[in-house]
2 protein chains.
Amino acid sequence: MTAAVQLTNVLKTLADPTRRAVFERIAREGEVAATGLVQGSKVSQPAVSQHLRALRDAGLVAERREGRHIHYRVAPKGLGPLIDWLGHYQTFWQERFENLEKLLKESE
Amino acid sequence: MTAAVQLTNVLKTLADPTRRAVFERIAREGEVAATGLVQGSKVSQPAVSQHLRALRDAGLVAERREGRHIHYRVAPKGLGPLIDWLGHYQTFWQERFENLEKLLKESE
DNA sequence: CCGATATATAAGTAAACACTTATATGAATG
DNA sequence: CATTCATATAAGTGTTTACTTATATATCGG
């Protein structure tokens, strides 16, 4: 899969507010089971399941099975295509981005 | 408009490959008239026009009218919501995984 | 095994999207 | 002022998307 397609996947995946909210919650809570994500979500269990699949397919989250539960966590590298793309526009917004790319590379 | 909605707009706008290609070309060429963007594009003039409107509405490009031509350029602040959102995860990485802030300071 | 729990898949649907062709607006030029 | 050039809007269309309800699969405890 080309870099452009990966970037498109990441952008599309994060563009949906409901799905992004799921991602943000996983990020906040560190590791969450799907059940936990369904509780406190506006949408149904299948909807959450579908969003989790999209996030996983985009490389944004990883999962760990533990019995009946599947625990999700953020996959830091998933944001890589986005960071790399933004890197090309560094001159446009200079200092704000500064350390971000470095930080991501260190975390790999 | 809330920050979340602005972010959603930016992500949705950049998620379409054709539209992102328009944005990238504006970024590369510095200032381009719509005509120039239509030439060398796979899609029709109205399609390009619609993409330019979307980019402008998302705050990603600015325009300057010069007679019949309208010249487009990247709006530096347009990527702000995206940068800010990613910056939020910068702290997340720092806190959750490793002490990346420390790592960064050590590496400087 | 059975029943309960956790998650995934199937199928259907309304809305959003990215395009098209046709036409309208707006601005320069002869 | 009429024509040409640059861009925008209108209207229509096939495809994608995000959801729903219903059902299937998987895992555990008794």
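A polar contact is a pair of N or O atoms within 3.5 Å; within protein, one of the two must be able to donate a hydrogen and the other to accept it, and residues adjacent in sequence count only if both atoms are side-chain atoms. Keep that in mind as we walk around.

Before you click, note that this is a predicted model, in which local features need pLDDT of at least 70 and side-chain atom pairs count only at pLDDT 80 or more, while totals for chains, interfaces and linings use all residues. Residues are numbered from 1 along each chain as its sequence is written, chains are lettered from A and ligands numbered from 1 in the order in which they are written, and side-chain values use heavy atoms, with hydrogens and water left out.

**Stop 1: DNA strand D**

Select DNA strand D and the 24 residues around it; Ser44(A), His51(A), Thr35(B), Ser49(B) and Ile70(B) come nearest. Here a residue is near a strand if one of its heavy atoms lies within 4 Å of it. Of the atoms of DNA strand D that come within 4 Å of the protein, 66% belong to sugar and phosphate.

Now zoom in on Arg68(B): a polar atom of its backbone is 3.2 Å from a sugar or linking oxygen of DNA strand D. Switch to Arg68(A), where an N or O atom in the side chain is 3.4 Å from a base oxygen of this strand. Then try Ser44(A), with a polar side-chain atom 2.7 Å from a phosphate oxygen of DNA strand D.

Which element gives the largest share of the surface near DNA strand D? Colour helix 4 of chain B, which supplies five residues. (Helices are DSSP runs of H or I with at least four residues, strands are runs of E with at least two, and both are numbered from the N terminus.)

**Stop 2: DNA strand C**

Move on to DNA strand C. Again there are 24 residues around it, and Thr35(A), Ser49(A), Ile70(A), Ser44(B) and His51(B) come nearest. Sugar and phosphate make up 62% of the strand's atoms within 4 Å of the protein.

Select Ile70(A) to find a polar backbone atom 2.8 Å from a phosphate oxygen of DNA strand C. Next, pick Arg19(B), which has a polar side-chain atom 3.2 Å from a phosphate oxygen of the strand. Finish with Arg68(A): one of its backbone N or O atoms lies 3.1 Å from a sugar or linking oxygen of DNA strand C.

Helix 4 of chain A gives the most to this surface, with five residues.
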